[in-house]
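Thanks for coming. Please look at the sequence and the model on the screen while I go through a few parts of it.

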Amino acid sequence: MGAPGITGRTRPTKTKKQASAQKRKREDVDTEKLEQAVAELDIKNGAHKDFSDLPLSEPTKQGLKASHFSVMTDIQSKAIPLALKGHDILGAAKTGSGKTLSFIIPVLENLYRLQHVGSDAGLGALIISPTRELAIQIFEVLCKLGKHGHMFAAGLVIGGKSLESERQALTRMNILVGTPGRILQHLSQTVGFMVDDLKMLVLDEADRILDMGFQRDVDAIIEYLPKERQTLLFSATQSKKVSDLARLSLQDPEYVSVHAEDKSATPKTLQQNYILCPLEEKLDTLWSFIQASKKSKIVCFFSSAKTVRFVYESFRHMQPGISLLHLHGRQKQGARLDVTAKFAAAKSACLFATDVAARGLDFPAVDFVIQVDCPEDVDTYIHRVGRTARYNREGRGILFLAPSEEEGMLQRLEAKKVPVELINVRQKKKQSIKSQLVHMLFKDPELKYLAQKAFVTYTKSIYLQRNKSIFNIKNYDLEAYAASLGLPGAPKIKFLKDDASKQKKQQSRQQLEVPESSDDEADQLEKKTAKPVRTKYDRMFERQNQDVLADHYKKLVKDDDDDKNTRDEDDFTGATGATKADDDDFMTVKRRIPADGEEEDQQEGQDEDSTAPRGKMIHLQGASQPLIVDSNRREKLLKSKKKLLKYMDKGRKLVYDEDGNAHEVYELENEDDFRAKGLPEEQRQKFIEAAREVVAQADVEDKATAKAKRKEKLRKRKERERAGHEVSDGEDDEDGGVQIPDTGEDLLANFRADAEYSDDESEAEIVDEDEGKNKKKAKKWFQSDSEDEERSSKKRRKGKKSNAPVVQEPETLEDMEALAAGLLG
Ligand SMILES: Nc1ncnc2c1ncn2[C@@H]1O[C@H](COP(=O)(O)OP(=O)(O)OP(=O)(O)O)[C@@H](O)[C@H]1O
């Protein structure tokens, strides 16, 4: 099979039919025999168990042998014979059951028998996948199977690469794998990319590709394709919507649903559990789980890229002892590929991902799939959990459910035949990482910003969920959730209620429904809706609602306002244009009330209509002027003691003379008296002289005191020496603390011994940095009580050991005896 990248040529002079007739002639015997065998293939009895039972070409047989595929899976044994005979197929089978080969083998075989090969033949098969990663994976399987003698030119178009280089190769492709957006881009823009003779269209993860997020692109692609073609649709959660099938113009499709009669919609080898976990305990629970499973390969799913980034960055800082990776649609293509390859190769690792990794990805030997954020529907659950227990291997799925999500989600899972069982987290083995997060966020504003973003995005996604019986924003304790992320308070989110915003809500919901797939196609969409160029600094200042950078931003805006002497909303938001974007959002982050000490006037520009003074006037006790306040909260704030002090008269300092009369600290002398004393310059000189004498006198006294102190110290030292204490020859210890003897030894040796010793224990201890004390770390999740006891007795032994004298490594028998005696003593 040829690789993409061959430079393009003009369209062939001879017709495609002539070309294929020529090829057919060349391999006459082979293809005719195959055609006959396929025509005779019995599709009803389902007796084909091995690939060798099928009439396949020699190159395909070689490819299967090289990959050690011999026995077919259920979906393969049912779908491949039908597809070889040219039927349209709607294939549904559980995750990890081998659907990829079910369409790759027919693609290779059907094109082979037609001898649809060579640059003159044009595109023969188009395989569409919802994500780039899955497209790459399919392409790899295709190359692996096809490289043993097939002559097709195959290509991969997924975006993120130069359009031009793809263009040149495209015109010569026979098989193409890609994502909808990029395929459409080429169909509409690449001259010479011919699909008139397309024989096969394959949609992997068909339900996803056919749903709303890709609807427009897929419909447009279909417009370009010939109606006479074979269409294969595969997914683990197949939709049979008539409207979809009509869109794809399927002809008498065969429904191949191999696991429809099964009790469960998920693999038998998959153990599925859920835990009840309030929102605010998610991170503690996840951290504790990871700590207890450091040798495992884990995929953790979250609902947004922001949450993935925050959890990844914060957990990384805390050094969990297992390699962490993260994957989401906002990463650059190179990084995404890198992460996928690393995780595939890793024996143990923890991958934090959005649903971009939920479908089709075939990571080997994943032990756990943790759904930290509840999936929006059961199909998403099935695809996520399907990253483990693939092809008869074992695996475990754990779903985190907030108490309010439990009933609704369980009902839906049951209705779709997904058996999940409740398990409990052993509370005493759960660690709290809240104080560590607080500390990290305090030190690192970027991390704090990420936490805020994660909070806002999560809240937003819950609010926009369609299924209110599972996701109801009122049921979550958002303050506690913010605190669990290490935030000092929940960023305020304002839910707009007017009609206009409801429409926007509809739009943003649609975008949210395809959060990651749209990332895949985002490049295309972004290009379609040309936006003004925004710099890094524009983006930084857009963070105005997030505390971080907000002050600087507000100062800029305030200056602006001062200049114009106006403080209405338009001016405020218009300053960067960024807040306009916020307004366009369905939900906006409410600006926060300033903390004590912040400028009051910053608030003014933030009110919805502050062109006219609003609110009531209050007279604060001791304040020189009345103040205008527009909210009860601010009034309360102003009346607080601290504020009162700010507005109250500061008072005057007075001194009293011997007769008890009060005077100002600095009083001007009577002018006549002053003149009577002589000329001002003379008086000044006299004053300087007098001051100089006072200073000289004080100097003599200071020196005498210092000398006495030195003598006293010397005396004390000699006394100590006499008493037999070791005294250093060096400088005196000013604090009178313990002196370090200059013995020429490594002074840190003892401390090191301790440190090395405690290193053994380091896994069992975390440092509570706020309190500066070592606290015991919670035990592992699955640790039994006997293990606990063993551990504590070990500690006791070690505790005793630490009192033992530090002895140098024994070299002789005498040394050893001395050491033993010391230890016994
Ligand atoms: N006949 C076979 N013999 C041995 N291994 C197979 C066979 N068919 C597929 N596999 C292996 O099973 C694993 C899962 O296959 P595949 O990725 O095609 O599953 P899938 O059904 O497409 O899963 P998903 O629904 O998650 O996309 C792969 O590692 C693949 O190599």
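**The parallel sheet and its surroundings**

I start with an open sheet of 7 strands, in the order S10-S11-S9-S12-S13-S8-S14, with parallel pairing. S10 and strand S14 (421–422) are at the edges with a single partner strand each, so one side of each has no neighbour in the sheet. Two terms need explaining here. Strands pair if DSSP finds at least two bridges between them. Strands (E, at least two residues) and helices (H or I, at least four) are DSSP runs, numbered from the N terminus.

Before going further: this is a predicted model, in which local features need pLDDT of at least 70 and side-chain atom pairs count only at pLDDT 80 or more, while totals for chains, interfaces and linings use all residues. Residues are numbered from 1 along each chain as its sequence is written.

Now strand S9, residues 297–301. What joins S9 to strand S11 (residues 349–353)? There are 5 bridges, and the two strands run parallel. Lys297 stands opposite Ala349 in S11. Strand S12 (residues 368–371) also runs parallel to S9, joined by 4 bridges. There, Cys300 has Ile370 as its bridge partner.

Is S9 covered on both faces? Yes: Lys297, Val299 and Phe301 are buried on one side, and Ile298 and Cys300 on the other. That is 5 of its 5 residues. A residue counts as buried if 20 or more other C-beta atoms lie within 10 Å of its own, as exposed if 12 or fewer do, and as partly exposed in between, with C-beta atoms placed from the backbone.

Next, helix H14, residues 333–345. Its 13 residues should span 18 Å at 1.5 Å a residue, and the end C-alpha atoms are 18 Å apart, which agrees. The expected span is 1.5 Å times one less than the number of residues. In H14, Arg336, Val339, Thr340 and Phe343 are buried. Seen down the axis, these buried residues fall within an arc of 100°, so they line one face of the helix. The arc is taken from the directions from the helix axis to the C-beta atoms. Gly334, Ala341 and Ala345, on the other side, are exposed. The buried residues of H14 pack against helix H6 (132–146), strand S10 (324–327) and S11. Contact here means C-beta atoms, placed from the backbone, within 7 Å.

One single residue: Ala482, in helix H19 (residues 478–484). Why is Ala482 called buried? Because 22 other C-beta atoms lie within 10 Å. Leaving out residues up to four places away in sequence, Ala482 touches Phe455, Leu487, Gly489 and Ala490. Ala482 and Glu280 are 202 residues apart in sequence, but 7.6 Å apart in space, C-alpha to C-alpha.

Then the ligand. It is surrounded by 19 residues, the closest being Gly98, Lys99, Thr100, Gly360 and Tyr391. A residue belongs here if its C-beta atom, placed from the backbone, lies within 6 Å. Helix H5 (residues 99–114) gives the most to this shell, with 3 residues.

Last, the whole protein chain: it has 33 helices and 22 strands. Of its 825 residues, 34% are buried.

Conventions:
Two residues are in contact if their C-beta atoms, placed from the backbone, lie within 7 Å.
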